Amino acid sequence: MKFRKRKLLSQIINEKSQMVLDEQQTLLSKDRLSIHLDDNVQKLESIYTDCADIKFRYFILGNESKAVLIYVDGMSNVEEIDNNLLTPLMSLELEKEPDIHALIERTLTVSNIKEIRTYDDVVNEVSSGNPIILIDDQSKGISAGIPKWEKRSLQEPTTETVVRGPRDGFIETLSTNIVLLRRKIRSPKLKMKSHQIGRYSQTQVVIMYIEGIADQTLIEEVQNRLNRIDIDGILESGYIEEFIKDHPYSPFPLMLDTERPDIAAASLLEGNVVILTDGTPFVLIAPTTFYSLLQSPEDYYEGFIIGTLIRWLRYVFLLVALLLPSVYVAILTYHQEMIPTTLLISVAKSREQIPFPALVEALLMEVSFEALREAGIRLPKNIGSAVSIVGALVIGQAAVSAGLVSAPMVMAVAITGIASFLIPRYSASIVLRILRFPIMFLAGTLGLVGIMLGLLTIIVHMCTLRSFGVPYLQPLAPIRNSELKDSILRAPWWSFKKRPHWTDDYNKVRQPNGQKPSPLKGKE
């Protein structure tokens, strides 16, 4: 009883503290800068108490007015502060110009200058790495856009490598990621809408779309879902994905995440919306379908015949990755008559000394293989792949030699693991790995009937899914004949005359007729 009272009291105190914090934040956002510099400095110093990296640099503006420069050590360019801010400001002549702000804007050799009027604006600009200039007898300050912080160089994404295609990838800096997309799509129709999410992290989140191609209803829906997010901080785009996807309890990914600018640009040209988050190289694409998760950018860079064959191979091995151990268990346990006699004798001979039923044998090998795969991911790259491959070979051979599992089961698990590597998206691959286990249990208890029940359950569930209102299995459910050429097949580029039909209002025409190449064209 006492524990419950303490817990209730602690909950009440936390709620009151949060209410006080929210009220202070609201007042801070509305509280305007004072005309007195000392009052502004005192207020800001109280806000930045115990913040040793926040620097207050006092100086005299034109030998007359007191001023202060506020910046974050390590996030602002100190050389530009000295050369382009302090040096020209301290040598100004204020007698000839009554409007100090206009004089400063003409004097500073900084392209990005902005006026700020509230303490909340000061905090936001300082946290973004932009130095703030406050002047005595002035009720507004000046923000100079000269941030500087360390960032990773552009590299090819390790999880989305291609043989043919661009080698650049997104990084953790939002401005760089926006530039990468601007390089792909240089039209002024490429629009951006910025959001700030997280009470403490104040993470910048940007929505990008192409005006005239993306449906306005889709854009508004994405904005509404982002505006509803109220959390302490956003550290990665995965936070946002969980808040805004349609079916939070479904294991299937309902948004596409990528590190490749070419995939994001191609999605924009199809009418999708791209969500970029500061601090992560992974951008989100909405809406998406199940078939988008099985497509690789290389499908569109090679010939359409090669792209179609590789896509079919991917679909086949998707079924192999999901069903092969289950089918093996079901046939070996309940449907031995389906196995040719010679093969049945060979399998029975290999299982002669195995003490476990086929289901336990399969579970033992699958769990071991998944553990080795996860260990290989977490280990350093230099030894991770070697440990996972050698470990699988050694453990498999040792298990067969010890009589714990049969050699055919090791082969089935190995082929299943290879098949799962053919799935281009890790988010889709891990779903198959998860669903493999309940289907194995159904196969071990009900045989092939259990496998069919499991497949029907998965298909029915996928038919109920939506990604921002778009059916997850489109264009097969509901069927759209014009879009089958980019799902089951990879049709040639000159046949993509219409864009995917994501919403009711969209720009249908992608390219005009008559694009098919012909040897007679161009001859007089």
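Student: In which helix is the place of Trp-312?

Tutor: Happy to start there; this is a predicted model, where local features need pLDDT of at least 70, side-chain atom pairs count only at pLDDT 80 or more, and totals for chains, interfaces and linings use all residues. Residues are numbered from 1 along each chain as its sequence is written, and side-chain values use heavy atoms, without hydrogens and water. Helices are DSSP runs (H or I, at least four residues; strands are E, at least two), numbered from the N terminus. Trp-312 sits within residues 304-334, which is helix α10.

Student: Is Trp-312 buried, partly exposed or exposed?

Tutor: Buried means under 20% relative accessible area, exposed over 50%, and partly exposed in between (1.4 Å probe, protein chains only). The relative accessibility of Trp-312 is 41%, so Trp-312 is partly exposed.

Student: Which residues of the largest nonpolar core touch the most other members?

Tutor: Such a core is a set of buried Ala, Val, Leu, Ile, Met, Phe, Trp, Tyr and Cys residues joined through side-chain atoms within 4.5 Å. This one has 45 residues, and those touching the most other members are Leu-181, Phe-252, Val-274, Leu-276, Phe-290 and Tyr-472.

Student: Which element gives the most to this core?

Tutor: Elements giving two or more residues include α6 (174-184), β9 (273-277), α10 and α15 (426-446). With six residues, the one that gives the most is α15.

Student: Which element has the lowest mean pLDDT?

Tutor: pLDDT is the predictor's confidence in each residue, from 0 to 100, and the chain averages 84. The highest mean, 95, belongs to β9, while the lowest, 51, belongs to helix α1.
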